[in-house]
Amino acid sequence: MYSRLLTFGDLIPLTINCNVNKLILQTKNFEYKQYNPRKDIPRYGLSITSLKGELDGIDLDSLPEYNKENNTNYDELSFKEFTEVYKLSLEIQKIVAPFKQYIGRSHILMLPKGGYFPPHRDLPVYTNEQHSLRIIVPLSGCNPPDLYFLYEDKPLHFEHGTAYFLNTNKTHSLFSMKGSMMIVLNIKACEETYKIIGDHFQAR
């Protein structure tokens, strides 16, 4: 089913959107936490979901490294309790609504100037099972020259406030030149969510 979805493209704009200015206003009083604190890279996250609905949990850490150190087995779908960020932002609720039943680890990602993710795949090894997929919503500064979101060898261009399905199994990297914000939703990969995405394709 995932491979069938990819016949429509690796980056698919959806008819799901938000008012960026309202969203930023609704979340301005929350404190962003270091994203993957094991790495000395300026990257910050604001949790939309977490393990128990807390805002200082392990959902922003590296799950493979955390699991190894703590003998746990968390994955993207372990973090599905909504935080106050979700509860106080009607704009985030609009974005999440179609996928609410299938939500996993989700957050607002903020990359200040100099923040980056080196080239990587979100699914680093081959597997027959696709457990989760990514929906991203660029909020601000997500296009060149503010941010270079390189997908394989090409920079991506987005419409801010619009949700996109992105196949993050392929190599991608991010380099922030001025500062950027985006929502990253991890969604359960199943026939129901593939249909939800298909029902929200933008006509092109």
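**Contacts, rings and strands**

Biologist: The charged end of Arg43 sits over the ring of which residue?

Modeller: A charge sits over a ring if NZ of Lys or CZ of Arg is within 6 Å of the ring centre and within 35 degrees of the ring normal. The charged end of Arg43 is 4.3 Å from the centre of the ring in question. That ring belongs to Phe117.

Biologist: What kind of model is this, and which pLDDT do side-chain atom pairs need in order to count?

Modeller: Residues are numbered from 1 along each chain as its sequence is written, and side-chain values use heavy atoms, with hydrogens and water left out. The model is predicted: totals for chains, interfaces and linings use all residues, local features need pLDDT of at least 70, and side-chain atom pairs count only at pLDDT 80 or more.

Biologist: How many aromatic pairs does a search of the whole structure find?

Modeller: Rings of Phe, Tyr and Trp (its six-membered ring) pair if their centres lie within 6.5 Å; planes under 30 degrees apart count as stacked, over 60 as edge-to-face and the rest as tilted. The search of the whole structure gives a total of 10.

Biologist: Is the pair of Tyr116 and Phe175 stacked or edge-to-face?

Modeller: The ring centres of Tyr116 and Phe175 are 6.3 Å apart. Their planes stand at 10°, so the pair is stacked.

Biologist: How many residues apart are Tyr116 and Phe175?

Modeller: Helices (H or I, at least four residues) and strands (E, at least two) are DSSP runs, numbered from the N terminus. Tyr116 lies in strand β7 (residues 116–120) and Phe175 in strand β12 (residues 172–176). The pair thus links distant parts of the chain, and the separation is 59 residues.

Biologist: Is the pair of Phe158 and Tyr164 stacked or edge-to-face?

Modeller: The ring centres of Phe158 and Tyr164 are 5.3 Å apart. Since their planes are at 75°, the pair is edge-to-face.

Biologist: Are Tyr116 and Phe175 buried or partly exposed?

Modeller: Buried means under 20% relative accessible area, exposed over 50%, and partly exposed in between (1.4 Å probe, protein chains only). Tyr116 has a relative accessibility of 32%, and Phe175 has a relative accessible area of 30%. Tyr116 and Phe175 therefore count as partly exposed.

Biologist: And are Phe158 and Tyr164 buried or exposed?

Modeller: Phe158 has a relative accessibility of 9%, and Tyr164 has a relative accessible area of 5%. Phe158 and Tyr164 are therefore buried.

Biologist: In the open sheet of 4 strands, which are the edge strands?

Modeller: Two strands pair if DSSP finds at least two bridges between them. The open sheet has the order β7-β12-β9-β10, with antiparallel pairing. Two of these strands each pair on one side only. These edge strands are β7 and β10 (154–155).

Biologist: Which residue in β12 does Tyr116 stand opposite?

Modeller: β7 and β12 pair in the antiparallel sense over 3 bridges. Opposite Tyr116 in β12 stands Phe175.

Biologist: The side chain of Ser176 has a polar atom 3.1 Å from the backbone nitrogen of which residue?

Modeller: Ser176 is placed in strand β12 and, at 4% relative accessibility, counts as buried. Contact means heavy atoms within 4.5 Å; beyond residues up to four places away in sequence, Ser176 touches a set including Leu111, Pro112 and Asp146. The backbone nitrogen that lies 3.1 Å from the polar side-chain atom is that of Gly179.

Biologist: With which side chains does the side chain of Glu76 make a polar contact?

Modeller: Glu76 lies in the loop between α3 (63–70) and β5 (81–82) and is buried, at 19% relative accessible area. A polar contact is a pair of N or O atoms within 3.5 Å; within protein, one must be able to donate a hydrogen and the other to accept it, and residues adjacent in sequence count only if both atoms are side-chain atoms. The distances for Glu76 are 2.7 Å and 3.4 Å. The respective partners are Arg105 and Asn186.

Biologist: Why is there no bond between the sulfurs of Cys18 and Cys142?

Modeller: A disulfide is a pair of cysteine sulfur atoms within 2.5 Å, and the structure holds 0 disulfides. Cys18 is buried at 11% relative accessible area, as is Cys142 at 0%. The closest cysteine sulfur to that of Cys18 is in Cys142, and it is too far for a bond, at 11 Å.
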